[in-house]
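Colleague: Got a minute to walk me through this one? I'd like the overall layout, then the strands.

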Amino acid sequence: MGLNETEAKEKGIACEVTTYDLSDLDRAIADETARGVVKVLTVPGKDRILGATIVGEHAGDLIAEFVLAMRHGLGLDKILGTIHVYKKH
C-alpha cells in the first residue's frame, strides 16, 4: 500500500523504514503463523505513513489497518498504540 522502498528511491522521496518481524506479533505467534515481515515507510522524523508492505500469512487482514491510517491521516504511533483482540484457535 502506498510507496515501497524502491519507488521512494526512484522518486527521490526521503523516508524512514521501520521493519517488524511477524515473530514479534502476538497474533501471529498465537496463530502459529509467525513467519514474515511488515515494512512501514514514514516521513523522516514523523510518524506519517507513506507506505506499508506486509509479507506473510494474514497480510491481507493486517494491511487494511494501514490503508485506513493512510486514508485518514493517522500516524504509525496510532497503529502501534492500538490493542488488537485475537484468540488462539
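Modeller: Sure. One term before we start: accessible areas come from the Shrake-Rupley method with a 1.4 Å probe. Also, this is a predicted model.

Colleague: OK, so how much area does the protein chain expose?

Modeller: The protein chain exposes about 6000 Å², and carbon and sulfur atoms supply 54% of that.

Colleague: And what share of the residues is buried?

Modeller: Buried residues are 27% of the 89 in the protein chain.

Colleague: Switching to the fold: how many helices and strands are there?

Modeller: There are four helices and three strands. Starting at the N terminus, the order is α-β-α-β-β-α-α.

Colleague: Which way do β1 and β2 run, parallel or antiparallel?

Modeller: Antiparallel. Strand β1 covers residues 16-21 and strand β2 covers residues 36-42, with six bridges joining them. As a landmark, Thr 19 sits opposite Lys 39 in β2.

Colleague: What about β2 and β3, how many bridges there?

Modeller: Seven, and that pair runs antiparallel. Strand β3 spans residues 49-56, and Leu 41 faces Gly 51 in β3.

Colleague: What do β2 and β3 form?

Modeller: A hairpin, with six residues between the two strands. Gly 45 is in the turn and has a positive phi of about 80 degrees.

Colleague: Last thing: what percentage of the contacts with a separation of 6 or more is between residues 24 or more positions apart?

Modeller: That comes to 47% for the protein chain.

Conventions: Residues are numbered from 1 along each chain as its sequence is written. This is a predicted model: local features need pLDDT of at least 70, side-chain atom pairs count only at pLDDT 80 or more; totals for chains, interfaces and linings use all residues. Side-chain values use heavy atoms; hydrogens and water are left out. Buried means under 20% relative accessible area, exposed over 50%, partly exposed in between (1.4 Å probe, protein chains only). Contact means heavy atoms within 4.5 Å. Two strands pair if DSSP finds at least two bridges between them.
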